[in-house]
Amino acid sequence: MAGSFTFMDHTADRRLKVKGDDLESLFIEGVKGLAYLLQVDMQKIHGASVKRTIDIEAPDTTSLLIDFLSEVLTYTHIDKSVYEKVQFEFLEPRHLKARIFGHRVEGFAEEVKAVTYHEAEVSQVENGTWESMVIFDI
Amino acid sequence: MTNIMDKKDLTKIEPYLWEISKDFRADMRVPAWIYATESMLDEMMSDRSLDQLVNVSTLPGIRVAAQVMPDAHEGYGFPIGGVCATRWPDGIISPGGIGYDINCGVRLLRSGLDYEDARPHLRRLAGALYEQVPTGTGKSGPLKIGKNEMDRMMKEGAAWAIRNGYGEERDVKFIESKGCLEDADPEAVSGRAVQRGNDQLGTLGGGNHFLEVDYVDELFDEEVAEAYGLKVGQLVVMIHTGSRGFGHQIATDYLRTFMQVMADYDIVLPDKELTCAPLNSQEGKAYYRAMKAAANFAFTNRQVITWEVRKAWRKIFGGQNESLDVLYDVAHNIAKVEEHKLEGKQEKVVVHRKGATRSFGPGYAELPGEYREVGQPVLIPGSMGTASYVLAGQNRSMELSFGSCCHGAGRRMSRRQAKKKVEAGELTRALEHEGIFVRAATSGGIAEEAPLAYKDVNEVVTAVELAGLAQRVARLRPVVVIKG
């Protein structure tokens, strides 16, 4: 399954549009978009490998996406690492369990403070694609 | 994204104050107020600032009006530059109305040095400051403290740093709330927030945070300037940063908590990011106490940075000219329970300031004796390489804006656009040609914060002065800029 992410304009923060053929792809694109913001240079990641497990529940799928990305961001800062890969054990509309994989880094390109709920809305468009907006507080 | 509002929806109710009537949208509980000149208003209408302001006016318990300052721009939920006061104790508290960077704020240090005398040493000073003060994201500070010390720091604020040798006793007197919000509760703070913050005291961070050496370029009120200890040509140091990952995590944690309990309090909102709970609810009280811990972290952070700056200063100017005194330290992302006069009587309210600075006028008991007669110093950082201002709070702000004022120049161009338009190396060379030495953790950081990405700070402070919220005291020009 495939997906994509695109950055759109926002006066002060970063507005990311994520799309996926299914929910998993959508969530993975969110992680990739976050990694893109954080990385100084994609080619220069040589730090030790890191992994974490995320198991969360949320009142709805939109909150689940934002809470999941918030978890990834929290571990990004605690571990001083960029997480780029995701393996889902399961992804249900209000509950997920996943392992995330990344590398330690010397510093980040951008100070991403938080993943916000503002404008986020996980929805399925006519051709069956899933999409949402995600605004990062910079 | 553009604004859905039309100018005909706005009424001028004072020369620099515009109102969107409560009738504009059915869910508004109070009107929305905008402090601006007409041209600034046009600019605000180019993004979603005013729609976001209307959303704020729907919050349960909001008093008088949802307000934005002239430096307003689109945020995520609340507009940046926003002020919202809610009824105490059953009105709401909203983490989004404070921001993820709890107690992001500004501290100004006053030196005994004159710009002309220091000029030959400024390049070396830039190097020494960059070496002493960790900048950028993901960098550790000079301290890594354990859980017990973190708990003490959360409760004591800046005084903790001073007790541990990172400052002088007299420093706390010149910090808003003396550098400590009472009743901060470490138990309300998650272990993850502690993990994110325990190596970040004394770090500047990235984004729009900076450390700047400026000189006083012009005085607008000699008497107030004298009370603040400012004179033309004097070097000062401005520190702009907040509670780092510690505060970001606390806000993230409580937004999630509030999201889960809002329905229990029958709260329905037009935007999830406005998520809130009554202040007197269990969750509201816990957040407020955790927010205070983050505010105290930020006061401590700016105190430890002051210690680092003093070290660099001593290295370059050691001897009789080495003293740096705290002129003032004030938050611009915070919520506080304050008493204000509403409809003729004193009332307690929860004032949310999101990208707005407290600007108490003359006579307030909390102000240090030296400033009580002239009003609180209001510190307004401008964009990199332009100008910053020291203002004095005015009593009109107590009548209109819950004792609040603007917080900076205000962004007008996205980071992406700025990076496209500005080449960092070229900008650094151009600034150096003007006598401004810039050191930054990343070149992207310089381009994103280029002056063209911001509104004109002169116009912003003129508007708040004409609206009566604060008056100009001094203009500062940068000579050294350290960027995250």
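Across the interface of chain B and chain A, 8 salt bridges are found, a salt bridge being a side-chain nitrogen of Lys or Arg within 4 Å of a carboxyl oxygen of Asp or Glu. One pairs B:Asp199 with A:Lys80, whose closest N and O atoms are 2.9 Å apart.

The model is predicted: local features need pLDDT of at least 70, side-chain atom pairs count only at pLDDT 80 or more, and totals for chains, interfaces and linings use all residues. Residues are numbered from 1 along each chain as its sequence is written.

In the interface, 44 residues of chain B are in contact (heavy atoms within 4.5 Å) with 40 residues of chain A. The two chains bury about 3600 Å² between them, with carbon and sulfur atoms giving 49%; this is the accessible area (1.4 Å probe) that two parts lose on being put together, summed over both. On the side of chain B, the most area is lost to chain A by B:Thr137, B:Arg256 and B:Arg416, together 18% of what that side buries.

A separate feature lies within chain B, where two helices (DSSP runs of H or I, at least four residues, numbered from the N terminus) pack together. Their axes, lines fitted to C-alpha atoms over the stretch in contact, are 7 Å apart at an angle of about 90° (on a scale from 0 to 180 degrees between N-to-C directions). Helix 5 of chain B is therefore roughly perpendicular to helix 10 of chain B, the term covering angles of 65 to 115 degrees. The table lists the residues that make this contact.

| Helix of chain B | Residues in the contact |
|---|---|
| Helix 5 | B:Met150, B:Met153, B:Met154, B:Lys155 |
| Helix 10 | B:Ala293, B:Asn296, B:Phe297, B:Thr300 |

Technical notes:
Chains are lettered from A and ligands numbered from 1 in the order in which they are written. Side-chain values use heavy atoms; hydrogens and water are left out. Angles under 35 degrees count as roughly parallel, over 145 as roughly antiparallel, 65 to 115 as roughly perpendicular and the rest as oblique.
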